[in-house]
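Visitor: I would like to go through this model with you and ask, term by term, how each label was earned.

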Amino acid sequence: MIDFALEAERKEGKGALDASTKVLDAFPPLMMTPMAALLGGLPLAMGTGVRLELRRPLGITIGGG
């Protein structure tokens with residue numbers, strides 16, 4: 001995100017404040033990947049059923065990073 005702001009300062013001639021507000025445009029796509037991984041592992045960590053002892057550690061590892 002810092003590189004994104006520095007590029008806006010250099011190439012577009014924006015000030016530091018304007019460049020930092022432009023970073024907010026890139027924030028949602030950057031957060032979608034980690035949130036998708038975290039929420040995808042949630043059913044593994046919280047699930048019940050057959051062979052739970054094999055799936056639960058994987059879900060906890062995904063969530064814990």
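Visitor: What makes R51 count as exposed or buried in this predicted model?

Guide: The relative accessibility of R51 is 53%, and because exposed means over 50%, R51 counts as exposed. R51 is found in the loop between α2 and α3, and R51 has a positive phi of about 60° although it is not a glycine.

Visitor: Why is α2 called roughly antiparallel to α3?

Guide: The axes of α2 and helix α3, which covers residues 52-64, come within 7 Å and cross at roughly 150°. Since angles over 145 degrees count as roughly antiparallel, that crossing makes α2 roughly antiparallel to α3; the handedness of this crossing is left-handed.

Visitor: Why, then, is α1 called oblique to α2?

Guide: Helix α1, residues 2-12, packs with α2 at an angle of about 130°, their axes being 8 Å apart. That angle makes α1 oblique to α2, because roughly antiparallel would need over 145 degrees and roughly perpendicular covers 65 to 115. In this case α1 passes α2 in a right-handed crossing.

Visitor: How do you know whether L39 is exposed or buried?

Guide: L39 lies in helix α2, residues 16-46, and its relative accessible area is 52%; as the cut-off for exposed is over 50%, L39 is exposed.

Visitor: Which nonpolar patch on the surface includes L39?

Guide: L39 forms a nonpolar patch on the surface together with M1, F27, L30, M31, M35, L38, L42 and M46, and the accessible area of these residues together is about 840 Å².

Technical notes: Residues numbered from 1 in each chain as written. Predicted model: local features only at pLDDT ≥ 70, side-chain atom pairs only at ≥ 80, totals over all residues. Heavy atoms only, no water. Patch = residues over 30% accessible without salt bridge, like charges linked within 9 Å, V, L, I, M, F, W, Y side chains within 5 Å. Areas by Shrake-Rupley, 256 points an atom, 1.4 Å probe, with all protein chains shown as cover. Salt bridge = Lys/Arg side-chain N within 4 Å of Asp/Glu carboxyl O. Helix = DSSP H or I, 4+ residues; strand = E, 2+ residues; numbered from the N terminus. Buried < 20%, exposed > 50% of the residue type's maximum accessible area, 1.4 Å probe, protein only. Axes fitted to C-alpha atoms, helices over the stretch in contact; angles between N-to-C directions. Parallel < 35°, antiparallel > 145°, perpendicular 65-115°, else oblique. Left-handed = near helix turned anticlockwise from the far one by under 90°.
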